[in-house]
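Me: I am new to this structure and would like to get to know it. Could you take me through it in a few questions and answers?

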Amino acid sequence: MTIYDYDNDFSHYETDQETQKSLGQVWTPFHIIEQMMDKAGTVEDKNSVWYDETKTNLDPTMGAGNIVIAMLYRRIVQCGQDPVVALSNVYGVELDSKTLNYAKERIKRFMAHFTDKDLTEIINHNFVCSDIFKWDIENWKPKKSEVEEQTDVWRSLGVEV
Ligand SMILES: C[S@@+](CC[C@H](N)C(=O)[O-])C[C@H]1O[C@@H](n2cnc3c(N)ncnc32)[C@H](O)[C@@H]1O
């Protein structure tokens, strides 16, 4: 079995030409992603990060989900991680809501090969529509605006605002 038995969408999804151009929507082919993942650790090396269920992965501009799907494939199929744990530790951000929704459906279809659990909550939490520069990755929520940050400072000093 290869990744294409689980997901065959690596270059199928296309938005309109204007969106493609303005957001730079081109998708990374699987063989390139494989090389990228191998830089972090190979499947052959049983001590590599891909066997560690506690590690997290993020694609900050996830597009149609090519890299997310490839990372899930590596963790679950190639390295034998528990599918729900693996999904819980993979994250993505995408600016274009249509593209994000496509990716989320694709992730759902991919995960259905491994579990019949309802994964909607994890998928909605881990894959979000935002400008990456406005997303607080550490706390996994939208970044505060400057005004909100300043308000917090005043409040911490006991000033009512
Ligand atoms: C070159 S594609 C790469 C998609 C995917 N990572 C891949 O390798 O197949 C870049 C994606 O980032 C999205 N994007 C562009 N600017 C962004 C931003 N500021 N924040 C989040 N996503 C953004 C685009 O809509 C597009 O889907």
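Me: By class, how many residues of the shell around the ligand are nonpolar, polar and charged?

Reply: Happy to help, and please keep in mind that this is a predicted model. The ligand is surrounded by 20 residues, and the closest are Leu23, Thr28, Thr61, Gly63 and Leu95. Sorted by class, the shell has nine nonpolar, seven polar and four charged residues.

Me: Which elements each supply at least two residues of the shell around the ligand?

Reply: The shell counts 20 residues around the ligand. Two elements each give at least two of these residues, and they are α4 (66–78) and β2 (90–94).

Me: How many of the 13 residues of α4 are buried?

Reply: The buried residues of α4 include Val68, Ile69, Leu72 and Tyr73. They pack against α1 (3–6), α3 (30–40), β1 (57–59), α5 (83–88), β2 and α6. This helix is mostly covered, and the number of buried residues is eleven.

Me: Are α4 and α6 roughly parallel or roughly antiparallel to each other?

Reply: Two packed helices are described by the angle between their axes and the distance between the axes. For α4 and α6 (residues 97–111), the axes lie 10 Å apart and the angle is about 20°. Angles under 35 degrees count as roughly parallel. The two helices are therefore roughly parallel.

Me: How do the residues of the contact of α4 with α6 divide into nonpolar, polar and charged?

Reply: α4 passes α6 in a right-handed crossing. On the α4 side the contact is made by Val68, Ile69 and Leu72, and on the α6 side by Ala103, Arg106, Ile107 and Phe110. By class, these residues divide into six nonpolar, no polar and one charged.

Me: Which residues does Met111 touch, not counting residues up to four places away in sequence?

Reply: Met111 has its place in helix α6. This residue is buried because 22 other C-beta atoms lie within 10 Å, and 20 or more count as buried. Its C-alpha atom is separated by 7.5 Å from that of Pro83, 28 residues apart along the chain. The residues that Met111 touches are Pro83, Leu87 and Leu119.

Me: Is Ser156 buried or exposed?

Reply: Ser156 lies in helix α8 (residues 146–156). Around this residue there are 8 other C-beta atoms within 10 Å. A residue with 12 or fewer counts as exposed, so Ser156 is exposed.

Me: What separates the C-alpha atoms of Ser156 and Thr99?

Reply: Along the chain, Ser156 and Thr99 are 57 residues apart. In space, their C-alpha atoms are separated by 40 Å.

Terms used. Residues are numbered from 1 along each chain as its sequence is written. This is a predicted model: local features need pLDDT of at least 70, side-chain atom pairs count only at pLDDT 80 or more; totals for chains, interfaces and linings use all residues. Helices (H or I, at least four residues) and strands (E, at least two) are DSSP runs, numbered from the N terminus. A residue is near a molecule or strand if its C-beta atom, placed from the backbone, lies within 6 Å of it. Ala, Val, Leu, Ile, Met, Phe, Trp, Tyr, Cys and Pro count as nonpolar, Asp, Glu, Lys and Arg as charged, and the others, Gly among them, as polar. Axes are lines fitted to C-alpha atoms, for helices over the stretch in contact, and angles run from 0 to 180 degrees between N-to-C directions. Angles under 35 degrees count as roughly parallel, over 145 as roughly antiparallel, 65 to 115 as roughly perpendicular and the rest as oblique. A crossing is left-handed if the near helix is turned anticlockwise from the far one by less than a right angle, and right-handed if clockwise. Two residues are in contact if their C-beta atoms, placed from the backbone, lie within 7 Å.
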